[in-house]
Amino acid sequence: MNLAEVIAIRKLIKDYGNLRAVDGIDLSIQKGEVYAFLGPNGAGKTTTVEILEGLRPRTSGEVEVLGLDPWKDNKKLIRQLGVIPQDFKFFDKITPKEAVAFYAGLFGKRADADAILKKVRLEDKASDRYETLSGGQKQKMGLALALVNEPAVLFLDEPTTGLDPQARRSIWEVIRSLRSEGRTVFLTTHYLEEAQLLADRVAIINHGKIVATGSPEDIIREHGRSEVLSLQAPPKLADYLRSKLDLPVRAEDHTVDVELNSNEDVLRVLTLVQQSGIPWTGVSTRQDTLEDVFIRLVGKTTESGDVGPASLGGAK
Amino acid sequence: MNPRRVYLNLGVFAKGYLRSRVGLFFALVFPVILILLFGAIFSNSSTTSVDVYVQNLDHNSPLSLQFLEALNSTKVVHLHFVSPSVGNLSKWLAANDQSDGLVIPAGFAAGYFNKTPVNLTVITNPQDATTSGIVYGAVDGVANYFNLQRANGTVILNVQQLSPPTLGGQSFQYIDYLVPGLIGFSVLTSPMFSMVNISSEYKKEKLFRQLSLTPLTKSEWLSSTIIWYIILTLVSTVIMVAVGQGAFGAKVTLSPLMLPFLVLGPILFTSLGLLAGSISKDPETAAVIGNIITFPMMFLSGTFFPVSLFPPWLVTVAHVLPLFYVIDGLNAAMLYGNVGTALFDMAVVGILALILFIASVRVFQWREN
Ligand SMILES: Nc1ncnc2c1ncn2[C@@H]1O[C@H](COP(=O)(O)OP(=O)(O)O)[C@@H](O)[C@H]1O
Ligand SMILES: [Mg+2]
């Protein structure tokens, strides 16, 4: 264990009755990192985060946040945490400004409510009751409350789920500024774009297990396929190329994909295509995105109709 | 327990309450409406005549019959006759679920004519000041009339009360009981109904989770909530006393002896409401459990009618209900000035409040297990 380790999890297991929601997770998060937990609904993200926040007891395993046991030292730890729970809710009749002042008082901090609300871009709605705020404004209020005690560690559980692009962007901005202030951020999301844009490191979680971890580039390098050359051409081109090449070739719906090992392969393939005399209409190369990797690891596809830019499931 | 955090949470809780208006209506306006309503229904109607069981041990002497007829003509009592052969009238009344009786002693007529003192015995229910006052007053009035006739006012017929009311001759009207009863009603209902709702709603809406992410503790939260209901109770008590006195001339007094009940009562019922909400899985179940606890208490503790008017078995039931002791204590403080009764009731309410406070802090969970 090193001094900069802020969150340490070893062999964490959480059962709800017969259901194993978290199945032996290990991870270590360093001071100042933005760490994204990326996974489909029901993967175990919220359960893990709530265990780290001290809201839930664990079934087994070791968990330390800032050197404290979250369940046992809850009230001590809470002073150093900023949290937006999943589905953040607050008292209907209370305004953001009152809420920030309330939190500041509870934490014994001298907080400038206006400055905090300005930071999350909620200054216009500072004196409107919670019940009258839009979804994005409510979430910003949650973020403001999470900032009141100047926490060392922030847990943001799907902070942008269901928000419009503008609200999402202003929350991203705040997360970036938290990073530049040296705070540690543990973020869960099912939006790939969010993880890719914000996180220093990503863990992909599925069925309570971490299936890949590292920076987005690391994950693509490790779990992604190599570069692919894609041609619009009939399947018989695939047969021709297979007979001449030692590279993997796939054909599908008038598209022929060839996996490349090196740049020279591009020239070899195109030369063979020329020699075959089979007509083709288009050519392109592409690389696996985090989404390709995610789909392959998790076995789920992006659902249409979601508000998210690149989402992996419905809201929640 | 940090007083500053209790104060801060009280502020947020009070804002939520005052801005919602529904809670405020039930806490302050509703009891006033009840006083006006029940007061209007009962205060003007003349008291119906009280059943009085008469045992004439003077062998139906003409004078005794004359006396009873005079009593009957007052119309405030309705006489029934009990045979001398049944023996002790008090026992007979108890056995027959009746409370009021009159014994005309043997030698009534002889004593009257010889001007030797005669004791008429009136038996009443000490817990029911209204009817005992009526019966005593009627018999005493007729006896005085007879005394005047025979002896220029020298007391010959002496009315002796077998369970004399502790009222110093003052008699109380329905409205006088209604004010303490309805104060008790609001001590019960305003914290119970909102706590049952709040505790299950906060759980469902994850507001307890939100609070648990701050340094606020469960007992601080409950304390600030209780303080709020104490404030509401004090305000509504002053309003109800003012309405009772102003609109119906209720003979109630604001006494410092009331304070313990106005403080301990909200502690008791806020805790009980939280307990009921905490053991329920969802707001619907909570509402059912809350009603099961609240409704019997609401009607059987002396809120709308004095418990002394109940049949004995129901009186026994009332003695099991915590609200009975709040209202009994308020009656003792506001009507009778009976310190002994008030202190006893105070002790009962205090002990229950303490037990329920501790139990509810234990049972109610911020965090999920
Ligand atoms: N309180 C609970 N009781 C029982 N099962 C639960 C509870 N919370 C979550 N689960 C189950 O545990 C699994 C993980 O849920 P969760 O941690 O909320 O996933 P995520 O946040 O990744 O969507 C899901 O199958 C969910 O249904
Ligand atoms: Mg979740």
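Select A:D87 to begin. A:D87 sits in the loop between β5 and α3 of chain A. Helices (H or I, at least four residues) and strands (E, at least two) are DSSP runs, numbered from the N terminus. This is a predicted model: local features need pLDDT of at least 70, side-chain atom pairs count only at pLDDT 80 or more, and totals for chains, interfaces and linings use all residues. Residues are numbered from 1 along each chain as its sequence is written, chains are lettered from A and ligands numbered from 1 in the order in which they are written, and side-chain values use heavy atoms, with hydrogens and water left out.

Stay on A:D87 and look at the backbone. Phi of A:D87 is near 55 degrees, a positive value in a residue other than glycine. Most residues other than glycine have a negative phi. A:D87 is partly exposed, with a relative accessible area of 38%. Here buried means under 20% relative accessible area, exposed over 50%, and partly exposed in between (1.4 Å probe, protein chains only).

**The magnesium ion**

Now select ligand 2. Which residues coordinate the magnesium ion? A:T46 does so through OG1 and A:Q86 through OE1, at 2.0 Å. The two come from distant parts of the chain, 40 residues apart. A:T46 belongs to helix α1 (residues 45-53) of chain A. A:Q86 belongs to the loop between β5 (81-84) and α3 (96-107) of chain A. Donors are N, O and S atoms within 2.8 Å of the metal (3.2 Å for Na, K and Ca); water is not among the atoms, so sites may look incomplete.

Colour the two residues by accessibility. A:T46 is partly exposed, at a relative accessible area of 22%. A:Q86 is buried, at 14%.

**Ligand 1**

Select ligand 1 and show the residues around it. The shell holds 13 residues, counted when one of their heavy atoms lies within 4 Å. The closest are A:G42, A:G44, A:K45, A:T46 and A:T47. A:T46 thus appears again, after the magnesium ion.

Next, show the polar contacts, which are pairs of N or O atoms within 3.5 Å; within protein, one must be able to donate a hydrogen and the other to accept it, and residues adjacent in sequence count only if both atoms are side-chain atoms. Visit three of them:

- A:Y16: an N or O atom of its side chain is 3.4 Å from a nitrogen atom of ligand 1.
- A:G44: a polar backbone atom is 3.0 Å from an oxygen atom of the ligand.
- A:T47: a polar side-chain atom lies 2.5 Å from an oxygen atom of the ligand.

On its own, ligand 1 has 550 Å² of accessible area, and the protein covers 64% of it. Such areas come from the Shrake-Rupley method with a 1.4 Å probe; for residues, only the protein chains shown count as cover. The elements giving two or more residues to the shell are β2 (19-30) and α1 of chain A. The largest share, three residues, comes from α1(A).

Colour the shell by class. It has five nonpolar, six polar and two charged residues. Ala, Val, Leu, Ile, Met, Phe, Trp, Tyr, Cys and Pro count as nonpolar, Asp, Glu, Lys and Arg as charged, and the others, Gly among them, as polar.

**Chain A as a whole**

Zoom out to chain A. There are 11 helices and 13 strands. Its C-alpha atoms fill a box of roughly 80 × 45 × 35 Å, taken along the principal axes. Of its 316 residues, 52% count as buried.

Pick A:L163, in the loop between β6 (153-157) and α6 (165-180). Is A:L163 buried or exposed? It is buried, with a relative accessible area of 5%.

**Chain B**

Move to chain B. It has 14 helices and five strands. Buried residues make up 53% of its 369 residues.

Select strand β5 (residues 157-161). B:L157, B:V159 and B:Q161 form its covered face, B:N158 and B:Q160 the uncovered one. In a regular strand the side chains alternate between the two faces of the sheet. Add strand β4 (residues 118-123): β4 and β5 of chain B pair in the parallel sense over five bridges, where pairing takes at least two DSSP bridges. B:L120 stands opposite B:V159.

Finish at B:R21, in the loop between α1 (3-20) and α2 (22-43) of chain B. B:R21 has a positive phi of about 70 degrees, although it is not a glycine. B:R21 is exposed, with a relative accessible area of 62%.
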